[in-house]
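Let's take a walk through this one together, starting with charged side chains, then moving to the strands and ending at a pocket. Have the viewer open and follow along.

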Amino acid sequence: MNNRIYYGEYSLKHWINLIIKKNITLPEYQRSFVWEEKRVIKFINALKEKQFIPPVAIAHYKIQNDPCETNLILDGQQRLTSIVLAYLNLYPENFPKIEKFSNDDDYENDDPGDSTSSKSKEWTFNYLFDSTGNANTIDSIKKTIAKDKRYKQLFSDPIPQADDFWESSFLGFSYIVPDSENKDQIQKSFSRTFRDINYLGKNLSAQESRRSLYFMNDDYKDFFDGKINNTDVLNHLTITDNKQPSKIDFVRYLAILSQYKAQFSEKNVLKYYSSLASRESFYADYVSKIVGLDQESHEDKFNNFEIENCFPSKSWQQRFLSLQKAVKKLINKQIGKNNNFSGQFESWIDADYYLFGLIFHILFLNNKINFTEDLFNQINDIIKRKHRDPVYSKSPNRLGNLRSRLKESIDIYCQYVEESYEE
């Protein structure tokens with residue numbers, strides 16, 4: 001079956017009218033509204049600032065001998081719903097949460113405030129409409145929900161409805177028109193389109209996503225990439241991941257140690273980010289903080305850390321050189337002790353005990369480390385103890401375990417600080 005596809009854009013006011021008049025509708029498989037209040041506000045601000053917003057996808061649905069002709073929202077429900085809510089200055093606050101399936105991320109319960117623990121609301125924009133079948137208008141919707149305490153005001157200073165913002169701001173669309181009225185053919189075509197939009201697109205890797213935040217920023221590109229003079233500051237250290245050597249994520253260490261540096265305590269490090277799935281948001285927010293972009297959530301987590309204060313006059317570049325030399329010493333001394341070590345750590349337990357303290361003292365405190373036999377013995381002894389602990393070694397990246405490695409590694413290296421470098 002072939003489709004005709006049309007492209008265009010409508011004003012926000014026109015989109016609102018299409019929704020209220022039910023000229024466009026939600027198919028049953030569409031999920032409920034999931035955007036948090038803050039994200040809705042950021043989206044509206046993006047429209048006000050004329051930023052690029054991806055177009056929505058609408059499909060014409062007409063079945064032979066079926067009077068229920070409509071236009072389905074295949075992609076863009078969250079964007080269109082947010083426009084309606086902003087116009088009404090409403091946000092659905094106190095609606096039941098949709099229970100999610102259990103998963104096997106055993107880190108998620110470490111922190112009840114985890115940023116990934118929010119659930120979708122059992123709500124769509126259909127809740128705004130008159131269930132009796134009467135015509136809907138902005139006034140009738142406002143009247144219907146005036147006494148409904150499940151809604152809250154979205155903006156303290158709402159966008160005036162008379163403002164030309166709604167008429168002069170636009171959102172693009174793709175409009176799909178099937179060349180068939182056969183129900184099975186249309187449903188298969190729409191399902192395939194929905195799958196292609198939501199599942200088959202190749203997502204950027206975590207590193208690629210982060211790089212999109214700073215790829216044009218010459219000041220910090222090498223900082224986040226962990227490079228100095230086009231060479232790797234960690235001397236290409238790797239870690240065993242799924243039985244394969246993987247490059248160590250330098251931003252992980254930068255973000256965690258920056259938060260620790262701001263507080264000089266491990267107690268709140270990665271607070272709200274206990275689940276493994278949520279930690280990429282933590283790292284991306286760190287990048288955003290440094291390059292001056294809005295963080296996605298918990299904006300106070302890097303308070304008291306300012307890169308200009310920590311690394312005045314780009315002093316991180318010189319410290320990268322010092323760190324690079326120190327890592328080379330670490331590798332050489334470890335090879336001398338253990339012929340099996342060639343720059344690949346067995347697990348995060350090994351990597352963190354060696355690297356947290358090393359990076360913190362050299363990069364963040366500008367200290368010089370004296371690599372003695374005692375230093376290596378101390379680190380190796382604690383690594384062996386942790387590996388022998390079956391509970392710890394099974395879940396090394398539980399938040400409590402990670403925090404203990406952070407503190408213990410820094411404390412161990414503190415005993416071997418030789419001197420501070422001069423800038």
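**Salt bridges, strands and a pocket**

Under a 4 Å cut-off between nitrogen and oxygen, the count comes to 17 salt bridges. Keep in mind that this is a predicted model. Side chains of opposite charge can pair when their charged atoms come close. For an example, zoom in on Asp225 and Lys221, whose side chains meet in a salt bridge at 3.6 Å, N to O. Both residues belong to helix 8 (residues 221–225), and they sit four residues apart, about one turn of the helix.

Now for the strands. Strands of a sheet pair through backbone hydrogen bonds, either parallel or antiparallel. Here, four strands make up an open sheet with mixed pairing, and their order is 1-6-2-3. Which strands stand at the edges? They are strand 1 (3–11) and strand 3 (70–75); each has a single partner strand, so one side of each is left without a neighbour in the sheet. On average, neighbouring strands of this sheet are turned by 30° against each other, if you ignore direction.

Look at how strand 1 meets its partner: it pairs with strand 6 (residues 170–178) in the antiparallel sense, over nine bridges. To find one of these on screen, pick Asn3, whose bridge partner in strand 6 is Pro178. A helix packs on this sheet too: helix 3 (residues 77–88) touches strand 2 (56–61), strand 3 and strand 6. The direction of helix 3 makes about 110° with that of strand 3.

Further along the chain, go to strand 9 (238–241). Strand 9 runs antiparallel to strand 10, and four bridges join the two. Strand 9 also pairs with strand 11 (residues 344–345), this time in the parallel sense and over two bridges. Thr238 is a handy landmark for both pairings: it stands opposite Lys247 in strand 10, and opposite Gln344 in strand 11.

Strands 9 and 10 also take us to the last stop, since each supplies at least two residues of the lining of the second largest pocket. Helix 7 (206–214), helix 10 (279–291) and helix 13 (348–364) each do likewise. The volume of this pocket is about 530 Å³. How many residues line the second largest pocket, and which lie nearest its centre? The lining has 23 residues, and those nearest the centre are Asp241, Arg252, Leu276, Trp348 and Asn397. By character, the lining divides into seven nonpolar, eight polar and eight charged residues.

Methods
Residues are numbered from 1 along each chain as its sequence is written. This is a predicted model: local features need pLDDT of at least 70, side-chain atom pairs count only at pLDDT 80 or more; totals for chains, interfaces and linings use all residues. Side-chain values use heavy atoms; hydrogens and water are left out. On a 1 Å grid over the protein atoms alone, a cavity is a set of points where a 1.4 Å probe fits but cannot get out, and a pocket is an open set with protein on both sides within 12 Å along at least five of seven lines; lining residues have an atom within 4 Å of a point. Grid points are joined across faces, edges and corners, and a volume is the space filled by probe spheres set on the points. Ala, Val, Leu, Ile, Met, Phe, Trp, Tyr, Cys and Pro count as nonpolar, Asp, Glu, Lys and Arg as charged, and the others, Gly among them, as polar. Two strands pair if DSSP finds at least two bridges between them. Axes are lines fitted to C-alpha atoms, for helices over the stretch in contact, and angles run from 0 to 180 degrees between N-to-C directions. Contact means heavy atoms within 4.5 Å.
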